[in-house]
Amino acid sequence: MSTQQADLPDVSGLSIGILGGTGDQGKGLARRFALAGHEVIIGSRKAERAEQAAESLGDGLRVRGAENAVVAREADLVIVAVPYDGHKALLESLREELAGKIVVDCVNPLGFDKQGAYALPVEEGSAAQQAAAALPDSTVVAAFHHVSAVTLLDPAVEEIDLDVLVLGENREATNTVQALAGRIGGVRGVYGGRLRNAHQVEALTANLISINRRYKAHAGLRVTDV
């Protein structure tokens with residue numbers, strides 16, 4: 001473990017809420033954090049769908065489902081894993097519940113056509129900056145953009161060969177999220193700059209999708225010399 005990783009805080013007691021937790025990305029993150037011992041609350045517009053998603057992850061894990069507003073209110077830290085087209089409206093509707101919390105945005109604004117995936121323009125600059133504008137009383141951090149949902153959900157994969165780029169304005173918050181990334185076996189959180197640099201991190205997902213299609217892989221990233 002590097003000195004930087006050793007200096008990160010202990011986050012083992014944090015409860016984690018996942019807005020959009022019924023999708024594969026959200027369910028995959030929920031599964032991995034629950035395996036690491038965290039209490040996880042999966043969120044959806046309908047509590048029933050969230051409960052079904054939680055049950056689908058199997059017995060013995062501390063995962064439950066609830067409406068998005070309940071998740072936002074009860075979890076210590078909240079991850080946003082919703083589709084981009086509903087991103088802004090959902091966060092604006094949860095501004096009060098998310099006040100004072102670290103909100104981790106992993107949304108990738110992407111479009112798809114016959115040539116494959118491509119990055120969509122975002123008025124605020126990136127989904128993470130859009131989240132920060134929608135949630136002025138929360139501390140927004142960008143992370144977990146490049147984690148394969150297939151890999152997260154695969155019980156045969158015990159450790160994931162991956163670095164998670166973590167971006168934000170508040171160093172205490174980015175340290176917390178780096179430490180949280182490290183709770184997933186094989187994963188390391190690496191500080192990647194301020195939120196203004198989130199656009200290219202989100203957009204890089206389109207390149208990874210192209211790599212995956214070409215090489216039939218579930219590619220991730222590693223940062224060298226850190």
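This is a short talk on the cores, two helices, a hairpin and a few single residues of one protein chain.

Okay, quick reminder before I start: what you have on screen is a predicted model.

Let's begin with the inside. The largest nonpolar core has 37 residues. If you want to find it on screen, go to Leu29, Phe33, Ile79, Phe144 and Val164, which have the most contacts inside this core. Plenty of elements give two or more residues to it, among them strand 1 (16-19), helix 2 (24-35), strand 4 (77-80) and strand 9 (162-168). And which helix gives the most? That's helix 9, with five residues.

Stay with Leu29 for a second. Skipping residues up to four places away in sequence, Leu29 touches Ile18, Ile79, Cys106, Phe144, Leu152 and Ile184. So two of the names I just listed for the core, Ile79 and Phe144, turn up again as partners of Leu29. There's also a second, separate core, this one of 26 residues, and Val71, Leu135, Ala142 and Leu195 are included in it.

On annotation: UniProt, in an unreviewed entry, lists residues 16-109 as "domain: Pyrroline-5-carboxylate reductase catalytic N-terminal". In the model, that span is 43% helix and 23% strand, and its end C-alpha atoms sit 23 Å apart.

Now, two helices. In helix 3 the buried residues are Ala50, Ala53 and Ala54. Looking down the axis of helix 3, you find them within an arc of 100°, so they line one face. That fits the usual geometry: an α-helix has 3.6 residues a turn, so residues three or four places apart point the same way. What do the buried residues of helix 3 pack against? Helix 2, strand 2 and strand 3 (63-67). Flip to the other side of helix 3 and you get Glu48 and Glu55, both exposed. After helix 3 comes Gly58, with a positive phi near 100°.

Helix 7, residues 127-134, also has an alanine-bearing list: Ala127, Ala128, Gln130, Ala131 and Ala134 are buried. Down the axis of helix 7, the buried residues fall within an arc of 160°, so here too they line one face. Their packing partners are helix 5 (87-93), helix 6 (95-98), strand 5, strand 8 (139-142) and helix 10.

A quick look at the hairpin. Strand 6 (residues 110-113) and strand 7 (residues 116-119) run antiparallel, joined by four bridges, and there are two residues between them. One of the pairings to click on is Leu110 with Ala119.

Next, a loop residue: His38, between helix 2 and strand 2. Buried or exposed? His38 comes out at 0% relative accessibility, so buried. What does the side chain of His38 reach? The backbone oxygen of Leu14, at 2.8 Å. Leaving out neighbours within four places in sequence, His38 is in contact with several residues, including Val11, Phe33, Arg62, Leu180 and Arg183.

Last thing, backbone angles. Most residues other than glycine have a negative phi. Lys216, though, has a positive one, near 50°, and Asp225 has a positive one near 65°. Where are they? Lys216 is in the segment after helix 10 (198-215), and Asp225 is in the segment after helix 10 as well. On accessibility, Lys216 is at 76%, which counts as exposed, and Asp225 is exposed with 81%.

That's me done.

Methods
Residues are numbered from 1 along each chain as its sequence is written. This is a predicted model: local features need pLDDT of at least 70, side-chain atom pairs count only at pLDDT 80 or more; totals for chains, interfaces and linings use all residues. Side-chain values use heavy atoms; hydrogens and water are left out. A nonpolar core is a set of buried Ala, Val, Leu, Ile, Met, Phe, Trp, Tyr and Cys residues joined through side-chain atoms within 4.5 Å. Buried means under 20% relative accessible area, exposed over 50%, partly exposed in between (1.4 Å probe, protein chains only). Contact means heavy atoms within 4.5 Å. UniProt positions are given in the numbering used here, feature names are shortened, and annotations may be inferred rather than shown by experiment. The arc is that of the directions from the helix axis to the C-beta atoms. Two strands pair if DSSP finds at least two bridges between them. A polar contact is a pair of N or O atoms within 3.5 Å; within protein, one must be able to donate a hydrogen and the other to accept it, and residues adjacent in sequence count only if both atoms are side-chain atoms.
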